[in-house]
Amino acid sequence: MLSGVSVTVQRGLTPEEVAQRVAAGQVNALPPRSGRTVGEIVRANVFTRINAILGVLLVIVLATGSWINGAFGLLIIANSAIGIIGELRAKRTLDNLAVLGEAHPLVRRADGEHRVARDEVVLDDLIVLTPGDQVVVDGEVVEADYLEVDESLLTGESDPEPKGAGDAVMSGSFAVSGSGTYRATKVGADAYAAQLADEASRFTLVRSELRAGIDRILRFITWLLIPVGLATIVVQLMYAGVDWRQAVLRMAAALVPMVPEGLILLTSTAFALGVIRLGRRQCLVQELPAIEGLARVDVVCADKTGTLTENGMRCRSIDPVGGHDAGEAAEVLAQLVAADPHPNASMQAIAESVPAAARPWTPTARAPFTSAKKWSGISFADAGSWVLGAPEVLASGQLVAEAEEIAAQGLRVLLVGRAELPVDADGAPGAVEPLALVVLEQRVRPDAAGTLEYFADQGVQVKVISGDNARSVGAVTRELGVVTGDPVDARTLDTPEKLADAVGTASVFGRVTPQQKRGMVHALQADGHTVAMTGDGVNDVLALKDADLGVAMGSGSSATRAVAKVVLLDDRFATLPHVVAEGRRVIGNIERVANLFLTKTVYSALLALLVVLWRVQFPFQPIHVTITGWFTIGIPAFLLSLAPNHERARPGFVARVMRLGLPSGVIIAAVTFVTYLLVRPASGLDSEAGREQVAAACLAALIVAATWVLAVVARPYEWWRIALVAASFGAYAFIFLHPLTQDLFHLDSSNTLMMVTGLAVGGVGAVLVELVWWIRGWVFGEKHRFWKSPELDPREA
């Protein structure tokens with residue numbers, strides 16, 4: 001038996017024993033992958049604050065017998081239906097992709113070892129662990145071959161824990177070196193994995209700046225509705241001289257537009273569509289709020305191996321040193337391959353280039369490779385101890401300089417040599433007698449250069465962080481021609497201060513340990529950056545977990561996929577620009593359309609307040625404010641929310657929306673009420689015809705000014721945005737001029753003087769809105785573009 005090894009091969013469960021446990025419910029049943037069930041999704045979209053407010057107003061309006069004025073009630077159905085459909089589609093996308101992205105543990109049963117789905121594991125199953133494997137259920141180790149488990153995600157302790165037979169392992173930890181087998185002792189809801197799965201892939205909009213800003217707006221509106229509604233109905237009954245039916249209708253007309261009913265709908269829909277669009281690119285968004293994180297990323301930390309380069313390696317040459325010959329080097333490497341039960345990518349490449357060992361040596365001790373020490377080794381009976389690892393760690397002098405020169409060509413260089421001490425001894429490996437340099441090569445991904453160029457064009461910094469030799473990493477980045485600057489050897493960054501200074505100025509790092517990767521992420525975050533980290537190996541897990549946005553490769557270890565917020569299932573680094581562009585599209589467009597909804601809320605509240613102060617009839621009925629929202633907000637907002645938008649999201653969502661929404665709402669309320677005061681004396685409000693003429697004139701003023709807010713928000717212009725604004729004006733012209741729509745919506749535009757007055761005052765309002773837009777840009781230093789730049793990045797399509 002090897003020193004430090006506890007290996008007694010255990011027999012797995014028979015099919016009959018598995019069936020018994022399944023029948024007894026002792027299976028690793030986990031919560032739904034996307035968090036909510038269909039019933040919960042339906043309830044969450046039907047029983048909302050917005051629907052409750054609109055529902056109460058609908059009942060009140062229908063009590064008057066005016067069915068057409070209850071048309072706004074269709075918003076309840078639309079809000080609920082679109083929200084439910086969007087979230088169900090996103091749930092289905094997440095569930096399907098999660099099946100591909102989740103860990104598939106290797107289970108040993110009586111009929112052999114098989115990869116199974118995580119929810120097919122049963123109590124007492126034997127589960128095999130190799131480096132990078134996630135512990136999917138709680139268990140007890142029964143076999144250990146130098147097994148070390150990282151429990152930092154559970155305990156915060158950064159050093160891996162050695163595990164032997166009888167030791168407990170908890171789900172959520174992962175193997176970093178060695179191998180072993182553990183018996184499942186807790187499955188399903190009893191295991192810690194159930195809690196992790198529930199939190200990691202829940203389909204929910206957790207707290208974020210965007211959601212917090214919208215919630216603040218909603219809370220304010222909810223409290224505003226009650227006093228404004230009471231004051232409006234009192235004024236209508238006591239001072240405006242109308243009956244209770246007219247008073248109720250006009251009170252509803254004042255309150256309905258104050259509710260930003262479409263804002264929540266469009267936010268939820270935009271997030272859900274973002275998940276669906278990314279899913280089509282084989283990109284799994286494990287946490288929905290990651291969409292917002294995508295939009296705010298300004299630094300991408302990319303691991304070289306498996307991200308900028310392809311996963312597989314090829315052994316280019318084995319160069320003997322120190323007077324040794326190629327045959328001797330090939331024999332030692334063949335013995336190392338034969339004695340390694342779970343070879344990593346480097347060892348697999350070596351195995352393909354050397355003949356199999358004819359007579360395998362007997363191993364007595366093993367030291368698995370770790371990113372921290374950067375070497376592995378095996379001690380053999382009667383053959384000494386041999387190590388394989390980084391030349392600069394195992395040797396010194398001219399040999400290291402020679403290895404550096406080779407690495408400067410973008411190649412990976414390893415040194416194989418005889419160790420002075422057994423590999424499991426304290427102070428191992430001791431002095432190393434070099435035998436040969438092993439040169440490995442990796443192909444740069446053909447799409448890597450274009451991806452890095454995209455980030456540079458978008459103002460996103462790229463930091464290449466690798467455990468490989470610094471000069472080798474530098475050679476790869478020079479080949480890509482995008483990331484510039486001399487590579488930094490992270491072994492020289494021996495203090496947190498040096499690490500923080502270097503990561504702020506340099507872009508390429510080699511010989512970075514897992515703890516240093518995590519430290520670099522923390523340093524960038526402390527400097528105010530939003531950091532995305534990409535990786536595929538177990539050495540990337542800590543940095544992926546702590547980054548604002550962790551991005552794992554689908555072929556990477558199960559541990560990296562488990563902690564990442566985004567998984568690129570097809571391993572295409574070129575998908576990342578699409579991921580960032582989708583995040584920017586969602587967040588940027590939600591902010592854009594929020595301007596429209598806030599403007600409507602402000603002018604509706606102010607108009608109701610002015611009516612109360614002047615003690616006059618409210619000029620509109622509910623159907624009037626309903627059609628106002630159709631083409632100034634509803635349809636245009638939906639189309640604008642789907643448009644490309646590649647501007648990086650910035651903090652201060654509520655403040656920016658208020659800068660346009662508040663003054664624009666004040667202007668629209670003012671021009672509408674001024675029109676009302678101008679045309680009111682010229683009409684007889686006691687007659688239905690007079691009220692409809694006043695309503696038409698006031699509505700014309702409101703629509704002209706409100707549609708110009710749409711014209712401002714739609715910038716920078718493209719042909720379809722101009723067509724959208726023109727279509728809105730055209731639709732309202734049809735409604736005002738066609739006899740059928742005039743009769744249906746209680747509008748009378750036959751009084752030319754009133755209509756000219758309304759259009760003229762509305763035109764003044766449009767000019768004032770335009771001035772607000774330009775002044776806002778001048779005062780707050782915001783860039784205003786009138787026309788869309790002709791060049792478009794293909795990723796925006």
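The side chains of His529 and Asp298 are joined by a polar contact of 3.2 Å. This comes from a predicted model. His529 sits in the loop between helix 19 and strand 20, residues 531–535. Beyond its neighbours within four places in sequence, His529 is in contact with Asp298, Val299, Gln461, Leu524 and Asp548.

One of those partners, Leu524, leads back into helix 19. Helix 19 covers residues 514–526, and helix 18 covers residues 496–505. The two pack at an angle of about 70 degrees, with their axes 9 Å apart. Angles of 65 to 115 degrees count as roughly perpendicular, and helix 18 and helix 19 are therefore roughly perpendicular to each other. Their crossing is right-handed. On the helix 18 side, the contact uses Leu499, Ala500 and Val503. On the helix 19 side, it uses Gln516, Gly519, Met520, Ala523 and Leu524. By class, this contact has six nonpolar residues, two polar ones and no charged ones. Leu524 thus has two roles to note: it meets helix 18, and it touches His529.

Next comes the sheet. Six strands form an open sheet in the order 11-16-15-14-13-12, with antiparallel pairing. Strand 11 (314–320) and strand 12 (363–367) stand at the edges. Each has a single partner strand, so one side of each is left without a neighbour in the sheet. Neighbouring strands are turned by 20 degrees against each other on average, direction ignored.

Look at one pair in detail. Strand 13 (residues 375–380) and strand 14 (residues 384–389) pair in the antiparallel sense over six bridges. Within this pair, Ser376 stands opposite Leu388 in strand 14. A helix also packs on the sheet: helix 15, residues 398–407. Helix 15 touches strand 15 (412–419) and strand 16 (432–441). The direction of helix 15 makes about 5 degrees with that of strand 16.

The loop between strand 15 and strand 16 holds Pro429. A cis peptide bond joins Ala428 and Pro429, with omega at about 10 degrees. Most residues other than glycine have a negative phi, and most peptide bonds are trans. A second cis peptide bond joins Arg715 and Pro716, with omega at about 0 degrees. Pro716 also lies in a loop, here between helix 25 (688–713) and helix 26 (719–737). The backbone has a further point to check at Tyr146. Tyr146 has a positive phi of about 55 degrees, although it is not a glycine. Tyr146 is found in strand 5, residues 138–150.

Now turn to another helix pair. Helix 22 spans residues 575–614, and helix 23 spans residues 622–641. Their axes come within 8 Å and cross at roughly 165 degrees. Angles over 145 degrees count as roughly antiparallel, and helix 22 and helix 23 are therefore roughly antiparallel to each other. Helix 22 passes helix 23 in a left-handed crossing. Helix 22 brings Asn589, Arg592, Val593, Leu596, Phe597, Lys600 and Tyr603 to the contact. Helix 23 brings Thr628, Thr632, Ile633, Ala637, Leu640 and Ser641. By class, the contact has seven nonpolar, four polar and two charged residues.

Set the two helix pairs side by side. Helix 18 and helix 19 have no charged residues in their contact, whereas helix 22 and helix 23 have two. The crossing of helix 18 and helix 19 is right-handed, whereas that of helix 22 and helix 23 is left-handed.

Conventions: Residues numbered from 1 in each chain as written. Predicted model: local features only at pLDDT ≥ 70, side-chain atom pairs only at ≥ 80, totals over all residues. Heavy atoms only, no water. Axes fitted to C-alpha atoms, helices over the stretch in contact; angles between N-to-C directions. Helix = DSSP H or I, 4+ residues; strand = E, 2+ residues; numbered from the N terminus. Parallel < 35°, antiparallel > 145°, perpendicular 65-115°, else oblique. Left-handed = near helix turned anticlockwise from the far one by under 90°. Contact = heavy atoms within 4.5 Å. Nonpolar A, V, L, I, M, F, W, Y, C, P; charged D, E, K, R; others polar. Pairing = 2+ DSSP bridges. Polar contact = N/O pair within 3.5 Å; in protein donor to acceptor, adjacent residues only side chain to side chain.
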